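User: I would like to learn how to read a model of this kind, one feature at a time. Please take burial to begin with.

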Amino acid sequence: MRTPGVWLDTEEIDVGLRSAGELHRQLVLHLGSAAVPVHVRPLGTAAARLRLTQPLPLRVGDIGLLRDPGEHRIAAGIEVLDVRPPPLRRRGAARVRAEETGQRPHPPAGVRTGR
């Protein structure tokens with residue numbers, strides 16, 4: 001049974017990247033038991049906007065992996081930063097969003113947040 005309002009089903013999220021290698025535009029997000037294809041839009045070098053092919057119940061602080069199925073490699077670790085990111089409509093909006101996400105504090109390694 002789910003507690004109402006704890007998780008938000010979403011199809012677009014902003015994530016912080018950890019140990020990111022080369023990011024292709026199409027990857028697979030592995031989070032919990034889910035494996036969902038995503039479209040990746042980089043937001044600088046430390047963050048990205050992911051558009052999921054199906055909604056998932058996510059919270060800020062959730063941890064997952066981006067996998068490149070074609071090359072059989074993990075492209076990056078991710079931490080969910082925003083489950084309702086603002087639209088990127090104007091020219092330069094991705095750069096501004098990258099600066100915003102880069103200013104968020106990150107917990108020390110090994111410390112889980114959002115639980």
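User: What share of the residues in the protein is buried?

Analyst: A residue is called buried when its relative accessible area is under 20%. In this predicted model, 38% of the 115 residues meet that description. The accessible surface comes to about 7200 Å², and carbon and sulfur atoms hold 53% of that surface.

User: How many helices and strands does the protein have?

Analyst: There are six strands and one helix. Along the sequence the order is β-β-β-β-β-β-α, with the helix after the strands.

User: Which residues of the largest nonpolar core touch the most other members?

Analyst: A nonpolar core is a set of buried nonpolar residues joined through side-chain atoms. Here the largest one has 21 residues, and those touching the most other members are Ile 13, Leu 29, Val 38, Leu 50, Leu 52, Leu 66 and Ile 78. Two or more residues each come from S1, S2 (26-31), S3 (34-42), S4 (47-58) and S6 (73-82). S4 is the largest contributor, giving five residues.

User: What is Ile 13 in contact with, leaving aside neighbours within four places in sequence?

Analyst: The partners of Ile 13 include Leu 29, Leu 50, Leu 52 and Val 80, and also Arg 49 and Asp 82. For the whole protein, take the contacts with a separation of 6 or more: 62% of them join residues 24 or more positions apart.

User: Is Asp 14 buried or exposed?

Analyst: Relative accessibility is compared with the 20% cut-off. Asp 14 counts as buried because its value is 0%. This residue is in strand S1, which spans residues 8-18. The side chain of Asp 14 makes a polar contact with the side chain of Arg 49, at 2.4 Å.

User: And Glu 79, buried or exposed?

Analyst: Glu 79 has 7% relative accessibility and therefore counts as buried. Its place is in strand S6. To see how sequence and space can diverge, take Glu 79 with Val 15: the two are 64 residues apart in sequence, while their C-alpha atoms are 5.4 Å apart.

User: Where does pLDDT stay under 50?

Analyst: pLDDT is the predictor's confidence in each residue. The average for the protein is 81, and 77% of the residues score at least 70. Residues 103-115 are the stretch where pLDDT stays under 50. For that stretch the model has 14 contacts beyond four places in sequence.

Conventions: Residues are numbered from 1 along each chain as its sequence is written. This is a predicted model: local features need pLDDT of at least 70, side-chain atom pairs count only at pLDDT 80 or more; totals for chains, interfaces and linings use all residues. Side-chain values use heavy atoms; hydrogens and water are left out. Helices (H or I, at least four residues) and strands (E, at least two) are DSSP runs, numbered from the N terminus. Buried means under 20% relative accessible area, exposed over 50%, partly exposed in between (1.4 Å probe, protein chains only). A polar contact is a pair of N or O atoms within 3.5 Å; within protein, one must be able to donate a hydrogen and the other to accept it, and residues adjacent in sequence count only if both atoms are side-chain atoms. Contact means heavy atoms within 4.5 Å. Accessible areas come from the Shrake-Rupley method with a 1.4 Å probe; for residues, only the protein chains shown count as cover. A nonpolar core is a set of buried Ala, Val, Leu, Ile, Met, Phe, Trp, Tyr and Cys residues joined through side-chain atoms within 4.5 Å. pLDDT is the predictor's confidence in each residue, from 0 to 100.
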